[in-house]
Amino acid sequence: MRAVWQLWLQPCRQLLVGALLLQLMWLVAAILLGCVPAVGAGIAGVAAMLLGFGAWFWFTMLGMCLRGLCRPESFLLPDFRKRLATAGALQAAQWAGLPALAALLMGVPHAVAGGAGILLLASVGLAASSARYINLLVWGLFVLAGWQPGLASQLANALLASPWVVPLALLLAALIVRLSLRAMLRIEDQEPGASPLENVQLGRSRARALDGTPVRRGKLARYIAALFDNTSQRAMERALACYRAKPTWRLRMVLVRRLLLPHDNPQAIALRLVLVAAIVAFYVLAVMHRQHFNAVAVGAYAILLGLARFPQLGRGMRQMRPNLADLYLTLAPSTRADYQQTLIDALVVLVPITVLGTVAYTGLGIVLTHAAEPVRMLVDAAIVSMGASLTALAVHLIGPEGGFGRGMVDLLVTLGGMAVYWGGYWLLGTLGLAFGGAILLLVTLGFGLGVWTSARREYLRRPPSFDAPLA
(Lines give C-alpha, C1' and ligand atoms only; values in the text may rest on other atoms or scores of the structure.)
Protein backbone atom coordinates (compact mmCIF):
# COMPACT_ATOMS: atom_id res chain seq x y z
CA MET A 1 0.00 0.00 0.00
CA ARG A 2 2.97 2.31 0.30
CA ALA A 3 3.23 2.63 -3.49
CA VAL A 4 -0.51 3.30 -3.74
CA TRP A 5 -0.21 5.99 -1.07
CA GLN A 6 2.66 7.64 -2.94
CA LEU A 7 0.58 7.66 -6.12
CA TRP A 8 -2.31 9.24 -4.25
CA LEU A 9 0.00 11.95 -2.91
CA GLN A 10 1.29 13.01 -6.34
CA PRO A 11 -1.17 15.92 -6.80
CA CYS A 12 -0.32 17.13 -3.28
CA ARG A 13 3.40 16.98 -4.00
CA GLN A 14 3.30 18.78 -7.34
CA LEU A 15 0.30 21.13 -6.95
CA LEU A 16 0.07 21.61 -3.20
CA VAL A 17 -2.17 24.68 -3.02
CA GLY A 18 -4.70 23.40 -5.54
CA ALA A 19 -4.74 19.93 -4.00
CA LEU A 20 -5.37 21.31 -0.49
CA LEU A 21 -8.19 23.54 -1.73
CA LEU A 22 -9.89 20.66 -3.55
CA GLN A 23 -9.57 18.34 -0.57
CA LEU A 24 -11.06 21.10 1.60
CA MET A 25 -13.90 21.35 -0.92
CA TRP A 26 -14.49 17.60 -0.56
CA LEU A 27 -14.59 17.97 3.22
CA VAL A 28 -17.11 20.83 3.01
CA ALA A 29 -19.28 18.77 0.64
CA ALA A 30 -19.12 15.84 3.06
CA ILE A 31 -20.22 18.09 5.95
CA LEU A 32 -23.10 19.47 3.88
CA LEU A 33 -24.13 15.95 2.93
CA GLY A 34 -24.11 14.98 6.58
CA CYS A 35 -26.52 17.85 7.33
CA VAL A 36 -29.21 16.35 5.07
CA PRO A 37 -31.16 14.68 7.95
CA ALA A 38 -31.35 17.98 9.81
CA VAL A 39 -31.77 20.48 6.97
CA GLY A 40 -33.41 18.49 4.17
CA ALA A 41 -32.52 16.97 0.85
CA GLY A 42 -32.14 20.38 -0.83
CA ILE A 43 -28.66 20.87 0.58
CA ALA A 44 -27.55 17.67 -1.14
CA GLY A 45 -27.66 19.53 -4.48
CA VAL A 46 -25.07 22.03 -3.22
CA ALA A 47 -22.88 19.16 -2.01
CA ALA A 48 -23.22 17.44 -5.39
CA MET A 49 -22.15 20.63 -7.20
CA LEU A 50 -19.08 20.95 -4.98
CA LEU A 51 -18.18 17.30 -5.48
CA GLY A 52 -18.64 17.49 -9.25
CA PHE A 53 -16.53 20.64 -9.53
CA GLY A 54 -13.86 19.26 -7.21
CA ALA A 55 -13.76 15.86 -8.93
CA TRP A 56 -13.30 17.50 -12.31
CA PHE A 57 -10.28 19.54 -11.24
CA TRP A 58 -8.81 16.89 -8.93
CA PHE A 59 -8.72 14.33 -11.72
CA THR A 60 -7.38 16.97 -14.09
CA MET A 61 -4.45 17.47 -11.72
CA LEU A 62 -4.14 13.72 -11.36
CA GLY A 63 -3.89 13.36 -15.13
CA MET A 64 -1.21 16.03 -15.27
CA CYS A 65 0.80 14.07 -12.70
CA LEU A 66 0.29 10.79 -14.58
CA ARG A 67 1.66 12.35 -17.75
CA GLY A 68 5.01 12.62 -15.99
CA LEU A 69 4.79 9.28 -14.18
CA CYS A 70 3.90 7.06 -17.13
CA ARG A 71 7.34 6.80 -18.67
CA PRO A 72 8.87 3.68 -20.22
CA GLU A 73 11.11 3.15 -17.18
CA SER A 74 8.13 3.37 -14.80
CA PHE A 75 6.61 0.21 -16.28
CA LEU A 76 9.67 -1.72 -15.09
CA LEU A 77 8.52 -1.22 -11.50
CA PRO A 78 6.80 -4.29 -9.98
CA ASP A 79 3.01 -4.26 -10.48
CA PHE A 80 3.04 -0.63 -11.61
CA ARG A 81 -0.22 -0.93 -13.58
CA LYS A 82 -1.94 -2.81 -10.74
CA ARG A 83 -0.99 -0.23 -8.14
CA LEU A 84 -1.98 2.56 -10.52
CA ALA A 85 -5.40 0.96 -10.94
CA THR A 86 -5.76 0.60 -7.16
CA ALA A 87 -4.91 4.25 -6.59
CA GLY A 88 -7.42 5.27 -9.27
CA ALA A 89 -10.15 3.13 -7.70
CA LEU A 90 -9.52 4.76 -4.31
CA GLN A 91 -9.74 8.21 -5.89
CA ALA A 92 -13.04 7.33 -7.57
CA ALA A 93 -14.39 5.90 -4.31
CA GLN A 94 -13.49 9.07 -2.43
CA TRP A 95 -15.09 11.52 -4.86
CA ALA A 96 -18.04 9.49 -6.21
CA GLY A 97 -18.56 6.15 -4.43
CA LEU A 98 -18.63 7.19 -0.78
CA PRO A 99 -20.78 10.34 -1.30
CA ALA A 100 -23.27 8.38 -3.43
CA LEU A 101 -23.47 5.62 -0.81
CA ALA A 102 -24.01 8.14 2.00
CA ALA A 103 -26.69 9.96 0.00
CA LEU A 104 -28.40 6.67 -0.81
CA LEU A 105 -28.50 5.63 2.86
CA MET A 106 -30.03 9.00 3.79
CA GLY A 107 -32.69 8.67 1.11
CA VAL A 108 -31.55 11.56 -1.12
CA PRO A 109 -33.35 11.48 -4.50
CA HIS A 110 -31.24 10.53 -7.53
CA ALA A 111 -28.29 9.58 -5.30
CA VAL A 112 -27.02 6.85 -7.63
CA ALA A 113 -27.45 9.07 -10.70
CA GLY A 114 -25.55 11.85 -8.94
CA GLY A 115 -22.68 9.52 -8.11
CA ALA A 116 -22.55 8.33 -11.72
CA GLY A 117 -22.57 11.94 -12.91
CA ILE A 118 -19.69 12.86 -10.60
CA LEU A 119 -17.76 9.85 -11.87
CA LEU A 120 -18.41 11.00 -15.45
CA LEU A 121 -17.14 14.49 -14.60
CA ALA A 122 -14.03 12.93 -13.04
CA SER A 123 -13.34 10.96 -16.22
CA VAL A 124 -13.76 14.13 -18.28
CA GLY A 125 -11.28 15.90 -16.01
CA LEU A 126 -8.79 13.09 -16.51
CA ALA A 127 -9.28 13.34 -20.27
CA ALA A 128 -8.78 17.11 -20.17
CA SER A 129 -5.14 16.64 -19.21
CA SER A 130 -4.24 13.67 -21.40
CA ALA A 131 -6.43 13.12 -24.47
CA ARG A 132 -6.69 16.47 -26.24
CA TYR A 133 -9.33 15.35 -28.72
CA ILE A 134 -11.66 14.28 -25.88
CA ASN A 135 -11.13 17.63 -24.21
CA LEU A 136 -11.97 19.37 -27.49
CA LEU A 137 -15.10 17.25 -27.87
CA VAL A 138 -16.30 18.08 -24.35
CA TRP A 139 -15.61 21.77 -24.98
CA GLY A 140 -17.69 21.55 -28.16
CA LEU A 141 -20.56 19.96 -26.23
CA PHE A 142 -20.54 22.83 -23.73
CA VAL A 143 -20.59 25.33 -26.60
CA LEU A 144 -23.59 23.54 -28.12
CA ALA A 145 -25.32 23.49 -24.73
CA GLY A 146 -24.81 27.24 -24.45
CA TRP A 147 -26.13 27.63 -27.97
CA GLN A 148 -29.39 25.84 -27.19
CA PRO A 149 -29.84 26.04 -23.40
CA GLY A 150 -33.52 25.11 -23.56
CA LEU A 151 -32.87 21.95 -25.53
CA ALA A 152 -29.96 21.05 -23.24
CA SER A 153 -32.19 21.47 -20.17
CA GLN A 154 -34.92 19.29 -21.67
CA LEU A 155 -32.38 16.63 -22.57
CA ALA A 156 -30.92 16.68 -19.06
CA ASN A 157 -34.36 16.29 -17.48
CA ALA A 158 -35.21 13.41 -19.83
CA LEU A 159 -31.94 11.66 -19.02
CA LEU A 160 -32.45 12.14 -15.29
CA ALA A 161 -35.88 10.50 -15.49
CA SER A 162 -34.63 7.59 -17.61
CA PRO A 163 -33.61 4.30 -15.93
CA TRP A 164 -30.73 4.06 -18.41
CA VAL A 165 -28.96 7.19 -17.22
CA VAL A 166 -26.79 5.40 -14.62
CA PRO A 167 -25.48 2.58 -16.87
CA LEU A 168 -24.97 5.02 -19.75
CA ALA A 169 -23.01 7.43 -17.53
CA LEU A 170 -20.85 4.59 -16.15
CA LEU A 171 -20.25 3.19 -19.63
CA LEU A 172 -19.33 6.60 -21.01
CA ALA A 173 -17.01 7.25 -18.05
CA ALA A 174 -15.27 3.90 -18.57
CA LEU A 175 -14.87 4.67 -22.29
CA ILE A 176 -13.40 8.11 -21.62
CA VAL A 177 -10.97 6.71 -19.03
CA ARG A 178 -9.92 3.97 -21.43
CA LEU A 179 -9.24 6.46 -24.22
CA SER A 180 -7.44 8.82 -21.83
CA LEU A 181 -5.11 6.16 -20.42
CA ARG A 182 -4.44 4.37 -23.69
CA ALA A 183 -1.78 6.83 -24.81
CA MET A 184 -0.16 7.16 -21.38
CA LEU A 185 0.06 3.40 -20.81
CA ARG A 186 1.57 2.75 -24.22
CA ILE A 187 5.32 2.10 -24.03
CA GLU A 188 7.21 4.09 -26.66
CA ASP A 189 10.12 6.49 -26.89
CA GLN A 190 9.56 10.04 -25.77
CA GLU A 191 9.52 12.79 -28.33
CA PRO A 192 12.59 15.03 -28.46
CA GLY A 193 12.58 18.04 -26.23
CA ALA A 194 11.70 21.48 -27.53
CA SER A 195 12.98 24.94 -26.74
CA PRO A 196 11.50 26.30 -23.48
CA LEU A 197 11.09 29.67 -25.23
CA GLU A 198 8.78 28.39 -27.95
CA ASN A 199 5.58 30.39 -28.19
CA VAL A 200 2.94 29.12 -25.78
CA GLN A 201 0.11 29.44 -28.30
CA LEU A 202 -0.31 26.16 -30.19
CA GLY A 203 3.26 25.17 -29.39
CA ARG A 204 4.77 22.12 -27.78
CA SER A 205 5.47 24.00 -24.58
CA ARG A 206 1.84 23.50 -23.58
CA ALA A 207 2.08 19.75 -24.09
CA ARG A 208 4.41 19.13 -21.16
CA ALA A 209 4.07 17.26 -17.92
CA LEU A 210 4.52 18.99 -14.59
CA ASP A 211 8.16 17.88 -14.50
CA GLY A 212 8.85 19.50 -17.89
CA THR A 213 9.09 16.30 -19.93
CA PRO A 214 7.38 16.30 -23.34
CA VAL A 215 4.26 14.20 -23.71
CA ARG A 216 2.88 12.24 -26.62
CA ARG A 217 0.93 14.16 -29.20
CA GLY A 218 -1.50 13.26 -31.95
CA LYS A 219 -0.86 13.36 -35.67
CA LEU A 220 -2.39 16.81 -36.10
CA ALA A 221 -0.28 18.27 -33.27
CA ARG A 222 2.87 16.71 -34.72
CA TYR A 223 2.04 18.09 -38.16
CA ILE A 224 1.52 21.62 -36.79
CA ALA A 225 4.75 21.37 -34.78
CA ALA A 226 6.59 20.29 -37.94
CA LEU A 227 5.30 23.38 -39.74
CA PHE A 228 6.65 25.62 -36.99
CA ASP A 229 9.96 23.76 -36.92
CA ASN A 230 10.37 24.18 -40.67
CA THR A 231 9.78 27.91 -40.47
CA SER A 232 12.28 28.17 -37.59
CA GLN A 233 14.90 26.19 -39.50
CA ARG A 234 14.55 28.33 -42.61
CA ALA A 235 14.68 31.55 -40.58
CA MET A 236 17.82 30.38 -38.78
CA GLU A 237 19.54 29.41 -42.03
CA ARG A 238 18.72 32.78 -43.61
CA ALA A 239 19.94 34.69 -40.55
CA LEU A 240 23.17 32.68 -40.45
CA ALA A 241 23.83 33.19 -44.18
CA CYS A 242 23.22 36.95 -43.91
CA TYR A 243 25.51 37.26 -40.90
CA ARG A 244 28.30 35.34 -42.62
CA ALA A 245 28.02 37.58 -45.67
CA LYS A 246 27.93 40.81 -43.65
CA PRO A 247 28.69 40.42 -39.90
CA THR A 248 27.04 43.59 -38.54
CA TRP A 249 25.61 44.23 -35.09
CA ARG A 250 22.03 44.20 -36.39
CA LEU A 251 22.40 40.85 -38.17
CA ARG A 252 24.15 39.44 -35.10
CA MET A 253 21.15 40.44 -33.01
CA VAL A 254 18.78 38.81 -35.51
CA LEU A 255 20.81 35.62 -35.25
CA VAL A 256 20.55 35.66 -31.44
CA ARG A 257 16.80 36.21 -31.70
CA ARG A 258 16.39 33.27 -34.07
CA LEU A 259 18.25 31.15 -31.54
CA LEU A 260 16.38 32.28 -28.43
CA LEU A 261 12.93 32.74 -29.98
CA PRO A 262 12.65 30.04 -32.65
CA HIS A 263 8.90 30.46 -33.23
CA ASP A 264 8.87 34.25 -33.39
CA ASN A 265 10.07 34.70 -36.95
CA PRO A 266 7.74 36.35 -39.54
CA GLN A 267 6.55 33.08 -41.10
CA ALA A 268 5.82 31.46 -37.74
CA ILE A 269 4.01 34.59 -36.56
CA ALA A 270 1.80 34.54 -39.66
CA LEU A 271 1.10 30.82 -39.24
CA ARG A 272 0.24 31.27 -35.57
CA LEU A 273 -2.11 34.15 -36.34
CA VAL A 274 -3.94 32.02 -38.89
CA LEU A 275 -4.32 29.05 -36.55
CA VAL A 276 -5.43 31.09 -33.56
CA ALA A 277 -7.77 33.11 -35.78
CA ALA A 278 -9.42 29.89 -36.97
CA ILE A 279 -10.09 28.79 -33.38
CA VAL A 280 -11.28 32.26 -32.34
CA ALA A 281 -13.55 32.48 -35.38
CA PHE A 282 -15.18 29.17 -34.53
CA TYR A 283 -15.73 30.19 -30.92
CA VAL A 284 -17.12 33.63 -31.73
CA LEU A 285 -19.46 32.26 -34.38
CA ALA A 286 -20.64 29.65 -31.87
CA VAL A 287 -21.48 32.11 -29.09
CA MET A 288 -22.36 35.34 -30.89
CA HIS A 289 -25.97 34.21 -31.17
CA ARG A 290 -26.46 35.19 -27.55
CA GLN A 291 -28.50 38.34 -27.10
CA HIS A 292 -26.25 39.78 -24.43
CA PHE A 293 -22.94 39.13 -26.17
CA ASN A 294 -20.73 42.19 -25.71
CA ALA A 295 -18.52 42.76 -28.75
CA VAL A 296 -16.25 45.07 -26.75
CA ALA A 297 -15.07 42.04 -24.75
CA VAL A 298 -13.23 40.82 -27.83
CA GLY A 299 -10.46 43.35 -27.16
CA ALA A 300 -10.09 42.12 -23.58
CA TYR A 301 -9.73 38.56 -24.83
CA ALA A 302 -7.15 39.77 -27.35
CA ILE A 303 -5.17 41.35 -24.49
CA LEU A 304 -5.37 38.03 -22.65
CA LEU A 305 -4.05 36.11 -25.68
CA GLY A 306 -1.24 38.58 -26.23
CA LEU A 307 -0.02 38.56 -22.64
CA ALA A 308 -0.07 34.74 -22.53
CA ARG A 309 3.36 34.79 -24.21
CA PHE A 310 5.28 36.30 -21.29
CA PRO A 311 4.74 33.71 -18.52
CA GLN A 312 6.29 31.12 -20.83
CA LEU A 313 9.19 33.51 -21.42
CA GLY A 314 9.82 33.77 -17.67
CA ARG A 315 9.76 30.00 -17.18
CA GLY A 316 11.78 29.35 -20.32
CA MET A 317 14.58 31.74 -19.40
CA ARG A 318 15.01 29.94 -16.08
CA GLN A 319 14.98 26.51 -17.68
CA MET A 320 17.53 27.59 -20.30
CA ARG A 321 20.11 28.89 -17.85
CA PRO A 322 22.56 25.97 -18.30
CA ASN A 323 22.24 26.23 -22.11
CA LEU A 324 22.83 29.98 -22.06
CA ALA A 325 26.36 29.33 -20.86
CA ASP A 326 27.20 28.17 -24.39
CA LEU A 327 25.73 31.39 -25.77
CA TYR A 328 27.85 33.42 -23.34
CA LEU A 329 31.04 31.68 -24.48
CA THR A 330 30.08 32.05 -28.14
CA LEU A 331 29.34 35.77 -27.89
CA ALA A 332 32.44 36.40 -25.73
CA PRO A 333 31.19 39.75 -24.34
CA SER A 334 33.61 42.29 -22.95
CA THR A 335 31.63 42.66 -19.74
CA ARG A 336 28.77 40.83 -18.09
CA ALA A 337 26.54 43.83 -18.67
CA ASP A 338 27.14 43.55 -22.42
CA TYR A 339 25.86 39.99 -22.37
CA GLN A 340 22.80 40.97 -20.34
CA GLN A 341 22.18 43.84 -22.77
CA THR A 342 22.31 41.41 -25.69
CA LEU A 343 19.60 39.28 -24.12
CA ILE A 344 17.45 42.34 -23.45
CA ASP A 345 17.81 43.57 -27.04
CA ALA A 346 16.88 40.11 -28.33
CA LEU A 347 13.79 39.73 -26.14
CA VAL A 348 12.35 43.23 -26.51
CA VAL A 349 11.11 42.27 -30.00
CA LEU A 350 8.27 40.44 -28.23
CA VAL A 351 6.65 43.80 -27.49
CA PRO A 352 5.83 44.74 -31.12
CA ILE A 353 4.94 41.11 -31.83
CA THR A 354 2.44 41.18 -28.97
CA VAL A 355 0.95 44.48 -30.15
CA LEU A 356 0.63 43.10 -33.69
CA GLY A 357 -1.08 39.93 -32.47
CA THR A 358 -3.45 41.83 -30.17
CA VAL A 359 -4.51 44.24 -32.90
CA ALA A 360 -4.96 41.36 -35.36
CA TYR A 361 -7.13 39.37 -32.94
CA THR A 362 -9.16 42.48 -32.10
CA GLY A 363 -9.69 43.23 -35.79
CA LEU A 364 -10.83 39.68 -36.40
CA GLY A 365 -13.27 39.92 -33.50
CA ILE A 366 -14.60 43.22 -34.83
CA VAL A 367 -15.33 41.63 -38.21
CA LEU A 368 -16.97 38.54 -36.69
CA THR A 369 -19.11 40.39 -34.14
CA HIS A 370 -19.93 43.44 -36.28
CA ALA A 371 -18.81 45.75 -33.50
CA ALA A 372 -20.43 49.20 -33.42
CA GLU A 373 -17.22 51.18 -32.76
CA PRO A 374 -14.31 49.34 -34.40
CA VAL A 375 -11.85 52.25 -34.46
CA ARG A 376 -12.34 52.88 -30.76
CA MET A 377 -11.67 49.21 -29.98
CA LEU A 378 -8.57 49.03 -32.20
CA VAL A 379 -7.02 52.19 -30.76
CA ASP A 380 -7.73 51.03 -27.21
CA ALA A 381 -6.29 47.54 -27.80
CA ALA A 382 -3.15 48.87 -29.53
CA ILE A 383 -2.33 51.40 -26.80
CA VAL A 384 -3.08 49.11 -23.87
CA SER A 385 -1.20 46.13 -25.34
CA MET A 386 1.88 48.31 -25.80
CA GLY A 387 2.09 49.32 -22.15
CA ALA A 388 0.94 45.92 -20.86
CA SER A 389 3.51 43.99 -22.91
CA LEU A 390 6.33 46.23 -21.68
CA THR A 391 5.18 45.69 -18.10
CA ALA A 392 4.81 41.92 -18.57
CA LEU A 393 8.25 41.61 -20.16
CA ALA A 394 9.80 43.61 -17.34
CA VAL A 395 8.25 41.72 -14.45
CA HIS A 396 8.87 38.29 -15.95
CA LEU A 397 12.46 39.21 -16.74
CA ILE A 398 13.37 39.97 -13.12
CA GLY A 399 10.34 38.48 -11.38
CA PRO A 400 10.21 35.94 -8.55
CA GLU A 401 11.85 32.55 -8.90
CA GLY A 402 9.13 30.42 -7.31
CA GLY A 403 6.17 29.09 -9.23
CA PHE A 404 3.61 30.61 -6.86
CA GLY A 405 5.16 34.07 -7.09
CA ARG A 406 5.35 33.91 -10.88
CA GLY A 407 1.73 32.80 -11.01
CA MET A 408 0.61 35.72 -8.86
CA VAL A 409 2.61 38.19 -10.98
CA ASP A 410 1.14 36.73 -14.15
CA LEU A 411 -2.39 36.97 -12.74
CA LEU A 412 -1.94 40.59 -11.63
CA VAL A 413 -0.45 41.71 -14.95
CA THR A 414 -3.11 39.95 -17.02
CA LEU A 415 -6.05 41.17 -14.96
CA GLY A 416 -4.51 44.63 -14.82
CA GLY A 417 -4.12 44.76 -18.60
CA MET A 418 -7.73 43.70 -19.16
CA ALA A 419 -8.98 46.22 -16.58
CA VAL A 420 -7.00 49.03 -18.23
CA TYR A 421 -8.53 48.03 -21.57
CA TRP A 422 -12.05 48.52 -20.20
CA GLY A 423 -11.05 51.79 -18.56
CA GLY A 424 -9.42 52.96 -21.77
CA TYR A 425 -12.51 52.11 -23.77
CA TRP A 426 -14.60 54.25 -21.44
CA LEU A 427 -12.03 57.06 -21.61
CA LEU A 428 -12.00 57.07 -25.41
CA GLY A 429 -15.78 57.20 -25.48
CA THR A 430 -15.91 60.04 -22.95
CA LEU A 431 -13.11 62.30 -24.19
CA GLY A 432 -12.92 61.29 -27.84
CA LEU A 433 -10.35 59.35 -29.83
CA ALA A 434 -7.80 62.14 -30.12
CA PHE A 435 -7.76 63.60 -26.60
CA GLY A 436 -8.70 60.38 -24.82
CA GLY A 437 -6.16 58.41 -26.85
CA ALA A 438 -3.42 60.87 -25.97
CA ILE A 439 -4.19 60.59 -22.24
CA LEU A 440 -4.43 56.80 -22.42
CA LEU A 441 -1.13 56.61 -24.32
CA LEU A 442 0.57 58.93 -21.84
CA VAL A 443 -0.61 56.91 -18.82
CA THR A 444 -0.16 53.34 -20.11
CA LEU A 445 3.03 53.88 -22.07
CA GLY A 446 4.50 56.04 -19.32
CA PHE A 447 3.81 53.33 -16.75
CA GLY A 448 5.12 50.58 -19.03
CA LEU A 449 8.30 52.47 -19.90
CA GLY A 450 8.89 53.29 -16.25
CA VAL A 451 8.58 49.65 -15.19
CA TRP A 452 10.68 48.52 -18.15
CA THR A 453 13.45 51.04 -17.44
CA SER A 454 13.66 49.97 -13.80
CA ALA A 455 13.64 46.28 -14.72
CA ARG A 456 16.30 46.82 -17.40
CA ARG A 457 18.55 48.61 -14.94
CA GLU A 458 18.12 45.80 -12.42
CA TYR A 459 18.74 43.10 -15.03
CA LEU A 460 21.95 44.79 -16.19
CA ARG A 461 23.13 45.03 -12.59
CA ARG A 462 22.64 41.31 -11.98
CA PRO A 463 25.39 38.86 -12.94
CA PRO A 464 24.48 36.19 -15.49
CA SER A 465 23.21 32.99 -13.89
CA PHE A 466 23.83 29.61 -15.50
CA ASP A 467 22.64 27.41 -12.66
CA ALA A 468 19.67 25.16 -13.25
CA PRO A 469 16.56 26.38 -11.34
CA LEU A 470 15.67 24.55 -8.17
CA ALA A 471 12.81 22.05 -8.50
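Is arginine 83 buried, partly exposed or exposed? Keep that in mind for a moment, everyone, and thanks for coming. Before I answer, please remember that what we have on the screen is a predicted model.

Here is the answer: arginine 83 is partly exposed, with a relative accessible area of 31%. Arginine 83 also has a partner. Its side chain meets the side chain of aspartate 79 in a salt bridge, at 3.6 Å from N to O. Why do we call that contact a salt bridge? Because the limit for a side-chain nitrogen of Arg and a carboxyl oxygen of Asp is 4 Å, and this pair is at 3.6 Å.

Let's stay with aspartate 79. You will find it in the loop between helix H5, residues 43-69, and helix H6, residues 80-105. Aspartate 79 is partly exposed too, with a relative accessible area of 46%. Its backbone is worth a look: phi is positive, about 55°, although aspartate 79 is not a glycine.

Alanine 332 gives us another case of this kind. Its phi is near 50°, again a positive value in a residue other than glycine. Alanine 332 sits in the loop between helix H16, residues 321-331, and helix H17. How accessible is alanine 332? Its relative accessible area is 55%, and it counts as exposed because the cut-off for that word is over 50%.

Now back to salt bridges. How many does a search of the whole structure find? The search finds six. One of them joins glutamate 373 and arginine 376, at 2.6 Å from N to O. The two partners fall into separate classes: glutamate 373 is partly exposed at 37% relative accessibility, whereas arginine 376 is buried at 13%.

Another salt bridge brings together the side chains of glutamate 458 and arginine 462, at 3.0 Å from N to O. Here glutamate 458 is partly exposed with a relative accessible area of 22%, and arginine 462 is partly exposed with 30%. Elsewhere, Asp264, Arg272 and Arg309 are linked into one network by salt bridges that share partners.

Let's turn to the helices. The protein has 21 helices and zero strands. I picked out one pair for you: helix H19, residues 374-398, and helix H21, residues 433-461. Their axes come within 8 Å and cross at roughly 10°. That angle makes H19 roughly parallel to H21, because angles under 35 degrees count that way. Which residues make up the contact of H19 with H21, sorted by class? There are 20 nonpolar, five polar and three charged residues.

Next, please find glutamine 341, in helix H17, residues 336-347. Glutamine 341 counts as buried, at 18% relative accessibility. Which residues does it touch, leaving aside its neighbours within four places in sequence? They are Arg456 and Leu460.

Let me finish with the whole protein. Of its 471 residues, 42% count as buried. The accessible surface comes to about 24,600 Å², and 70% of that belongs to carbon and sulfur atoms. And if you take the contacts between residues at least 6 apart in sequence, 79% of them join residues at least 24 apart.

That's my tour. If you would like one place to start on your own, go back to aspartate 79 and look at its salt bridge with arginine 83. Thanks for listening!

Methods
Residues numbered from 1 in each chain as written. Predicted model: local features only at pLDDT ≥ 70, side-chain atom pairs only at ≥ 80, totals over all residues. Heavy atoms only, no water. Buried < 20%, exposed > 50% of the residue type's maximum accessible area, 1.4 Å probe, protein only. Helix = DSSP H or I, 4+ residues; strand = E, 2+ residues; numbered from the N terminus. Contact = heavy atoms within 4.5 Å. Areas by Shrake-Rupley, 256 points an atom, 1.4 Å probe, with all protein chains shown as cover. Axes fitted to C-alpha atoms, helices over the stretch in contact; angles between N-to-C directions. Parallel < 35°, antiparallel > 145°, perpendicular 65-115°, else oblique. Nonpolar A, V, L, I, M, F, W, Y, C, P; charged D, E, K, R; others polar.
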